[in-house]
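Reader: I should be grateful for a close look at one part of this structure, set out as a connected account. Please begin with a single pair of side chains and work outward from there.

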Amino acid sequence: MDIIYSFGVLVIQHLQNNYREYRHLLDFMSTVGDPRNIFSVYFPLWFHLSHNVGTKMIWVAVIGDWCNLIFKWILFGQRPYWWVNETHLYLNGSVPHLDQFHITCETGPGNPSGHAMGSSCVWYVMITSALSFARPFHESSVWNLQWFQLLRSCLWIAFWVIQISVCLSRVFIATHFPHQVILGLFAGILVAKTFDHIPSVCSASLKVYLQTNIFLFSFAICFYLLLVSVGIDPLWSVPKAKKWCANPDWIHLDTTPFAGLVRNVGALFGLGLAVNSEMFIQSCKGKNGYKSTFKLMCVTATLTFLKLYDFIKMPTHTEALFYMLSFCKSASIPLGVVAVIPYCIHLLIGDEDTKLSYSENSMGSLKKWVKCE
C-alpha cells in the first residue's frame, strides 16, 4: 500500500502546487459532496417534487453512508495528512509537505471516501429520476426522442463533471488519496443502482423503518465490539487526526464514525415517523399536495427552516450528550420537512379556502334575500 499512498501524495502535491487558484471552487465542490447537505438541501427540494424520489434519496443516503462506515472499519484506510508524517518510506527528513485546510482534518478512516460515495449515490438518484420524468412516450415524435437523447447526454455529463470535481476537491485538501475517492464514487453508484430494484422502500410502513434502524444500529455496534474483542480499535484514526492536524480547531466531533451512524439512523427514524403520520396524509396526500403553490411554499419554508436550524450547534463537551442530541436533530429534519411544515401550510391554505367558501355562501344568501325582497 505504501506505493499507492506515495503515488497519491504526488498527485496531491501536483494539485496543490498547480491549481491553488481554484481553491475556493474546490472547497465549494467539497461542500456539494458533503453527506449532511443531502438532508438539508437535496432532500427538501426533491421530496416536494416527488415523494417517492425524496424517500428513495434518504434510503440511498442512509444505507450508503452506513456501508461506508463498515467499509472504513474493514479497510483501515489512511489519510494523507497524517500518513506522510508516520510512514517510514521517507528518510532523512524528506517528508513531503502537504497543505491542510479547515475541512482537511476528518477523524474517521479514509477508505472509501464518504463524500464521494454520498455524492455519487444521491446524484445518481437525482439524474435517473429527472430522466424518468422527462422520458417521452413510445408514440412520441422523432423530435421529442432526439430532445430526450440530448437531455440525457447533458445530464450524465453534468453528473460526471460534478463527481470528478468532488473527488478532486477531496484529494486537493489532502483528506483522501485518489484510490479512496474512486472506490467511494463507484460504491455509491452501486448502492443507488441496487435501490432501483427495491421500489418497496417508497411505501414502507413504520414497522419496516424501525426494523431497519434496529438492524443498522445493532450490526454496527456488534461489529465494533467484535473488532475490539480481537484487539482492533475501530477508532484508531481519531488520535492520529488529533495529533497531526495543523489546527486543533479543525477537529470536529461530527466527523467521527459514530456521529455519522447516529445521524443516519436518526434521519431514517424521522422519515419513518413522518411518512406514516396523519399530518403527512392530510397535507401532502390531500388535495393541497397536488397544487404547485403548496409545493413551492413547502420548499421555501423548509429550506428557510433548515438554514436557521443549522445554526443550532450540538454541545461537544460530552460525547454521549452530543450523539443523543445529534440523533434528535437528525430525526427532526425529515419530520419537519415531510410532516410538520407541510401540515402548517395546509392549515394556512385551508383557512383561506374556508374564508373564501364562507364569503361565497354569504354572497349567495344575500342575493337570495334581495330577490325575495
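Author: In this predicted model, the side chains of Arg 23 and Asp 27 meet in a salt bridge, with 3.7 Å from N to O. Both residues belong to helix α2, where they stand 4 residues apart, about one turn of the helix. An α-helix has 3.6 residues a turn, so residues three or four places apart point the same way. Side chains of opposite charge can pair when their charged atoms come close. The two partners differ in cover: Arg 23 is partly exposed, with a relative accessible area of 30%, whereas Asp 27 has 10% and therefore counts as buried, the limit being under 20%.

This pair is one of 8 salt bridges in the structure. Another involves Arg 20, which pairs with Asp 99 through N and O atoms that are 2.1 Å apart at their closest. Arg 20 sits in the loop between α1 and α2, and Asp 99 in the loop between α5 and α6, so this contact ties together parts that are 79 residues apart in sequence. Arg 20 is partly exposed, at 36% relative accessible area.

The loop between α5 and α6 also takes part in a further salt bridge, that of Glu 106 with Arg 79. Their side chains meet at 3.7 Å, N to O. Because Glu 106 lies in that loop and Arg 79 in the loop between α4 (51–75) and α5, the pair links parts that are 27 residues apart in sequence. Glu 106 and Arg 79 are both buried. Salt bridges with shared partners join Arg 79, Glu 106 and Arg 170 into one network.

Next to Glu 106 in the numbering is Cys 105, a partner in the disulfide. The structure holds 1 disulfide, formed by Cys 105 and Cys 245, whose sulfur atoms are 2.1 Å apart. The link is right-handed, with 90° about the S-S bond. Cys 105 lies in the loop between α5 (80–86) and α6 (114–134), and Cys 245 in the loop between α10 (237–244) and α11 (257–275), so the disulfide connects parts that are 140 residues apart in sequence. Cys 105 counts as buried at 2% relative accessibility, and Cys 245 likewise counts as buried at 9%. Cys 298, by contrast, is in no disulfide: the nearest cysteine sulfur, that of Cys 284, is 5.5 Å away, which is beyond the 2.5 Å limit that a disulfide must meet. Cys 298 is buried as well, at a relative accessible area of 0%.

Arg 170, the third member of the charged network, leads to helix α7, where Arg 170 is among the buried residues. This helix has 31 residues and reaches 45 Å from its first C-alpha to its last, close to the 45 Å expected at 1.5 Å a residue. Its buried residues also include Phe 148, Phe 159, Ile 162, Val 166 and Phe 172, and they pack against α1, α2, α6 and α8. Just after α7, Ala 174 takes a positive phi of about 65°.

Helix α7 has an accessible part too. Cys 154 is partly exposed, with a relative accessible area of 42%. Trp 160, Ile 164, Leu 168, Ile 182 and Phe 186 make a nonpolar surface patch of about 480 Å², and the elements that give two or more residues to this patch are α7 (142–172) and α8 (178–195). The largest share, 3 residues, comes from α7, while Phe 186 has its place in α8.

The account closes with helix α1. Helix α1 (residues 2–18) has 17 residues and spans 24 Å from first C-alpha to last, close to the 24 Å expected. Tyr 5, Ser 6, Gly 8, Val 9, Ile 12, Leu 15 and Gln 16 are buried in α1, and what covers them includes α5, α7 and α8.

Terms used
Predicted model: local features only at pLDDT ≥ 70, side-chain atom pairs only at ≥ 80, totals over all residues. Heavy atoms only, no water. Patch = residues over 30% accessible without salt bridge, like charges linked within 9 Å, V, L, I, M, F, W, Y side chains within 5 Å. Areas by Shrake-Rupley, 256 points an atom, 1.4 Å probe, with all protein chains shown as cover. Salt bridge = Lys/Arg side-chain N within 4 Å of Asp/Glu carboxyl O. Buried < 20%, exposed > 50% of the residue type's maximum accessible area, 1.4 Å probe, protein only. Expected span 1.5 Å × (residues − 1). Contact = heavy atoms within 4.5 Å.
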